[in-house]
Structure formats: structure tokens, C-alpha cells
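I sat down with this model and kept a running log of what I looked up. The entries are below, in the order I made them.

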Amino acid sequence: MKHTFSEGAYDAVVIGAGHAGCEAAVALARTGLKTVMLTLNLDSIGFMPCNPSVGGTAKGHLVREIDALGGEMGLIADLAALQYRMLNEGKGAAVQSLRAQTDKNRYHTEMKRLLEHTENLRIVQGEAADILTENGHVTGVVTSYGGVFSCRAVIVATGVYLNARTITGEVFTESGPNGFARATMLTECLMRLGYSVRRFKTGTPARLDGRTVDISALTVQPGEEVYPFSFLNDGVPPVGVQTPCYLTYTNEETHKVILDNLDRAPLYNGTISSTGPRYCPSIETKVVRFADKERHQLFLEPEGADTTEVYVQGLSTSLPHDLQKAMYRTVKGLEHCEIVRYAYAIEYDCIDTLDVLPTLEFKKVEGLYTAGQINGTSGYEEAAAQGLVAGLNASLKLRGLPPLILRRDQAYIGVLIDDLVTKGTDEPYRMMTSRAEYRLTLRQDNADERLTEIGYRCGLVTRKRYERYLCRRKQRRQAAELLNTRADQRTADALVQKHGQPPLSAGVTYADLIRRGISLAELMKTFGILKDLPADVRLSCETDIRYEGYLRRSEEQMQKAKKMEDSPLPPDLDYGAIAGLRLEAREKLSRVRPLNLGQAERISGVSPADISVLMVYLSMKK
């Protein structure tokens, strides 16, 4: 038996220092709890093993929400940003998403510095080997060297490191991403505690030596002067200072290299059997699945300001090295490229989130939480959002306060977690705007309006951040009042005539002009109003006016949904004994054990008729 020794008593232990672990540790320590963060390697803190970027479609929403709640990802992303862009800018405000190309080394360095200077937080390099429990409660964590951290809560945020295996062609390596050591001891413990464990897969492209890329043959993708991720920051660097990215495409020759060698592709010769991401597939999958497409878009993105490494977004693969080299050199601009890090696929253990409560606490062990890719998600942003919620809920529980459960009408974070714990996922889960039924309300620009009060009540939002929020809220209200005042009639008439619209009636307001399709930017230029207002505050005001009818209808739908959320279901309810429930519904309800009728009706396999039976049953019990 291995010798053990005490590493001290703490309130909580966070296992893992990826994006989920970092947010969880900060949430716990900043709310006054004595916390330990265990990581396999201090050099992997806040590491970006794949794309050197933060944000993107729906992911930008998550980052702004993390920031509004008092988390750190937005602030660190702004510090490390090389370039900003607003995705879907030609579409409505609901689906516009902020994205930043980041310096991956600086992101890691800034996050590590932040954690090292966070009060109540101790960082330890070591592998978690066992989680100790007593009478269904967490009591501690044991390291592979026998160190025992006594604690009352544990957040498991192990990312893709559990029994990780990287695959490139015929070569298998027992390691985590980027050559980091993997974790081998915790999976058995999780299974013993009652978790259902399965294998997922993800992958990453090669990194090229930027000096060997012919950028003169490529389309430049410059940055944009948009608003930053963090509500604490005022703006982003000018476009001229931002680092450009470059656009290119695969071609018929690229596809031929792949199709002629599928017998050597691990995804197609049976080497890889684990489930990969649907929305970020390898180039082999794209070429086979979309055989009618003549080309696929690729972006060349800098890995950092102090390196020549270039990331090739869109060309993820697990082909052997010789085929990778041949394939990459078929692409325009990459004809003479040299690979500095070859691409690989990585398999890892994760859990079934139907075993988890909406607080991210395990249903079978009190005080045990999971967050990030161990929950079957993909992406830094999804991981960070879960880490914040898991850390904050552990903190709230230990402080004797009510839990934080964000509804689907409150935040994308609420949609993300509800999807995981109510529907589960059979593949790496990625957040998308289409998953949010109230996306017109859940915009990036109003994340602070929706969530900062909540973060402040939980104790994570600082006074400085809260005062900033109050100032912005005041700006919004003053702007809304101004936009509902009358515009100069003569100038307004000239403006609508310029747009080919019929004359206005007397007493037209600025808001009336916005409803006619004239942008707030043009009103500012024409009338000289609201020039000092932050860009995202202007966007909030304009969107609220332009879509007020839709927003009113959405509010009515949210109120109906809230009534269902306010109808609790007993945690020990025997669904098998309720007459009228279909067999599938009984099985699904018993498996998920929903907290309320709202969650119950979102379970796959539970019909409206089953919900009616539950409502009748509850009314009879009352």
C-alpha cells in the first residue's frame, strides 16, 4: 500500500488547469474559499492545444457572459488578442459573434500570473489518483505521490487528459495534447463512484513555419475595430495594429491525396472508433462526406506575436506524416511549406452528463462536480463557462447559499448546461446560436444586463465591475430616453427622402427613424447624437428598438416557460408508479430525474401527453 501524507485541509480542490479549471479555481478562491488547483504540468495552465483563438459563433456570447458573471476568460483574451473580428456582421444582432485571434503563449502566461496572485488559491503540480468520499460526501483528493488534500468539494476539470492517446497514421502515443503527459489514474475512481464513462475524439491541424508560406498568393483577412470581450475594457487596438490572417482553399489535388490513401487514414481503416465532433470534422471526413464540394475554406492564423508558427484552421487530420506533408503542399500558398508540428487526433475518457445535476454536481456523490471536456463538450469557451458555474455552485453550497442555475432564457450558459444534463450528448458538444430559442434576447451586447446582478449576488463580481455595470445601465436608459424624443423635422424628412421613403408625419422620433430601417450610426452622423456611447451600448439600444415587437413576443414565451420551471418535481418521485406515463417516458424521467416540469418537457422521449399526466399527478398530490 502506498504511503500517504497530509497536504493540508482546504475547502475545495480543482483537478485540472485548463479553461474550466482556471475559472472554477478563481470562482472558489475569490468568494473566500481556501482552494487547491492540481495540474499535471504548470506549463499547461490556460493552454490552447488547438485553435489559438477565443470566441466565434455562439462562443463569443459565452465569453461575454463569463465576463458579465465575474469570470476571467474575456479579460485574458483581451490582453492576449492579436486580431478581432465580428462574425455574421451582415446578419441580425442575435447571431453576431465576437472572435479574437490570440497569442497562445501570452494567454497561458497571463492566466498563470493571475492564478499565482489570487488570494486563497494554492497551485500544485501533481496527478489526482483518487477522490475520497464518506457517507456519500466528498472528503478529499489523493495524488499519485500519496499526498492527501482534505476538502469538502472537488471540481473535476481534466479536459482531454484522461487516458489520452494521440494518433497519427499508424503511430499511437500514450500522451495528452501537444506532448503533455496524460492522466491515467482517475478514470477508475470515477467509474467506482458511479459515473458512466465513454470515449470521445478530437483533433488538431499541423503548425507551419510561417516563413515558408507564400502570403502574397493568399487573401488577407484584416482585423476589425469592434468592441472587446470584457465589459471592463473600453475598446480594441486600431485595425492597423492588429495582426492579419489569410484565407486559402483546398483543391482537387488535395482531395485526391486523401481519397487515394483512405486505407492509411485512422478514421477510415478502423484504427479510430471513438466519437468525433460533428461540427469541426477532420479534412478526411469533409472530403468523404461532402464529395460534391470542389474546395474547403482554410484560414492561416498566427500562433503568437513571438513565434513564426502558423495554425491552419480547417485542415485537421490524423493522416501519417508523409501524407500530411504531401497534402498541405497541394494548397495554394503552401506549396513550399515546412511543418513544425504535425497534426494528430486525440482520444480521451469523458462522462455521461445525464449523471449530473444542473449545478454540475454529481447526483450520486455530494460535493463532486465536473466541468469542461470531461462533460463531453468541445471548445475552450464551453469549458470555461462550465468551470465558472461548477466553481461558483461549489462555493455557494459550502457557504450555505442557494445554487446558481441559469435558465435557457437567461443565458447561453443556461442553454449549454441544460442541454448537457437534460438531453445528454453522444458526440463532442459545441454551442451554436441555433440551440438558443431566445437568442434575440440573449445577445452579446446585453450580457451584463442579464447576468452581472446575479454574479454580484453570488459574490464573484467585484464592486469595481458592478459600478461599471451600473454606469452602462444608466447610459442605456439615457440613450433610450433620447432616442424616444423628437428629431428635427426638416433634417428627418431629408433623411427619409434620401432612403426613398414616404414623408414623415409631424413629431417623428429618432426611434421612429430606426424602425424605418435607418441605422443608429447614420442618425449619429446626421444629428450628432450619442457620439460618446460605447459601441455595444449603442447596439443594445438600436436592437431593442428595431426588434421590439419580436422581443415582446419572446418575453411572453419566456414567462410561459418560467411557469413550468417554477413547478418542481420531487427528487425521489417514483415515475414507474404514475399511471398514464408511457414506458419510454418512465425510463427517461427516472434516468434524468428532472428538477421541474420545464426540464422534464425538454427530455428527448417525453411527449406533451406525458407532461400533462405529470401535471395532473402533481395537482392531485397537492
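These are my notes on sheets, hairpins, salt bridges, one buried residue and a surface patch.

**Entry 1: what I am looking at**

I note up front that the model is predicted.

**Entry 2: an open sheet**

I started with a sheet and asked in what order its strands run. I read S1-S10-S9-S8, four strands in an open sheet with mixed pairing. Which strands stand at the edges? They are S1, residues 5-9, and S8, residues 128-134. Each has a single partner strand, so one side of each has no neighbour in the sheet. I also looked up the twist, and it averages 25° from one strand to the next.

**Entry 3: S8 and S9**

Next I zoomed in on one edge of that sheet. S9 covers residues 137-143 and pairs with S8 in the antiparallel sense, over six bridges. I picked out two facing pairs to fix the register. Ala 128 sits opposite Thr 143 in S9, and Glu 134 sits opposite His 137 in S9. S8 and S9 make a hairpin with two residues between them. I checked the turn for a positive phi and found Asn 135 there, at about 55°.

**Entry 4: S12 and its partners**

I moved on to S12, residues 165-168. S12 pairs with S13, residues 171-173, in the antiparallel sense over three bridges. In that pairing Thr 168 faces Val 171 in S13. The hairpin of S12 and S13 has two residues between the strands, and Gly 169 takes a positive phi near 60°. S12 also pairs with S21, residues 344-351, again antiparallel and over three bridges. There I found Ile 167 opposite Ala 345 in S21.

**Entry 5: salt bridges**

How many salt bridges does the structure hold? The count is 56. As a reminder to myself, side chains of opposite charge can pair when their charged atoms come close. I looked up three of the bridges one by one.

The Glu 72 and Arg 30 bridge has its closest N and O atoms 2.7 Å apart. Glu 72 is in the loop between H2 (59-68) and H3 (73-80), while Arg 30 belongs to H1 (residues 19-30), so the bridge ties together parts 42 residues apart in sequence. Is each partner buried or partly exposed? Glu 72 is at 6% relative accessibility, so I logged it as buried. Arg 30 is at 33%, so I logged it as partly exposed.

Glu 303 and Arg 207 came next, with 3.4 Å from N to O. Glu 303 lies in the loop between S18 (297-302) and S19 (309-313), and Arg 207 lies in S15 (residues 207-209), so this pair links parts 96 residues apart in sequence. Both Glu 303 and Arg 207 are buried.

My third pick was Arg 443 with Asp 445, where the closest N and O atoms are 3.0 Å apart. Arg 443 has a relative accessible area of 1% and is buried. Asp 445 is buried too, with a relative accessible area of 1%.

I then looked for bridges that share partners. One network joins Arg 408, Asp 418, Asp 419, Lys 423, Glu 437, Glu 565 and Arg 602.

**Entry 6: Ile 15**

I wanted to see what surrounds a buried residue, and I took Ile 15 in S2 (residues 12-15). Ile 15 has 5% relative accessibility; the cut-off for buried is under 20%, so the label fits. Which residues does Ile 15 touch, not counting those up to four places away in sequence? The list includes Leu 38, Val 141, Val 154, Ile 155, Val 156, Ala 157 and Leu 186. Ala 128 and Ile 131 are among the contacts as well, and both fall within the residue range of S8. Thr 158 is another contact. I looked up its spacing from Ile 15: 143 residues apart in sequence, but 6.3 Å apart in space, C-alpha to C-alpha.

**Entry 7: a surface patch**

My last lookup was on the outside. Which residues make the nonpolar surface patch of about 240 Å²? They are Leu 259, Tyr 268 and Val 288. I placed Leu 259 in H6, residues 252-259. Its relative accessible area is 43%, so I put Leu 259 down as partly exposed.

Definitions and conventions
Residues are numbered from 1 along each chain as its sequence is written. This is a predicted model: local features need pLDDT of at least 70, side-chain atom pairs count only at pLDDT 80 or more; totals for chains, interfaces and linings use all residues. Side-chain values use heavy atoms; hydrogens and water are left out. Two strands pair if DSSP finds at least two bridges between them. Axes are lines fitted to C-alpha atoms, for helices over the stretch in contact, and angles run from 0 to 180 degrees between N-to-C directions. A salt bridge is a side-chain nitrogen of Lys or Arg within 4 Å of a carboxyl oxygen of Asp or Glu. Buried means under 20% relative accessible area, exposed over 50%, partly exposed in between (1.4 Å probe, protein chains only). Contact means heavy atoms within 4.5 Å. Patches are made of residues with over 30% relative accessible area and no salt bridge: like charges are joined within 9 Å, nonpolar side chains (Val, Leu, Ile, Met, Phe, Trp, Tyr) within 5 Å. Accessible areas come from the Shrake-Rupley method with a 1.4 Å probe; for residues, only the protein chains shown count as cover.
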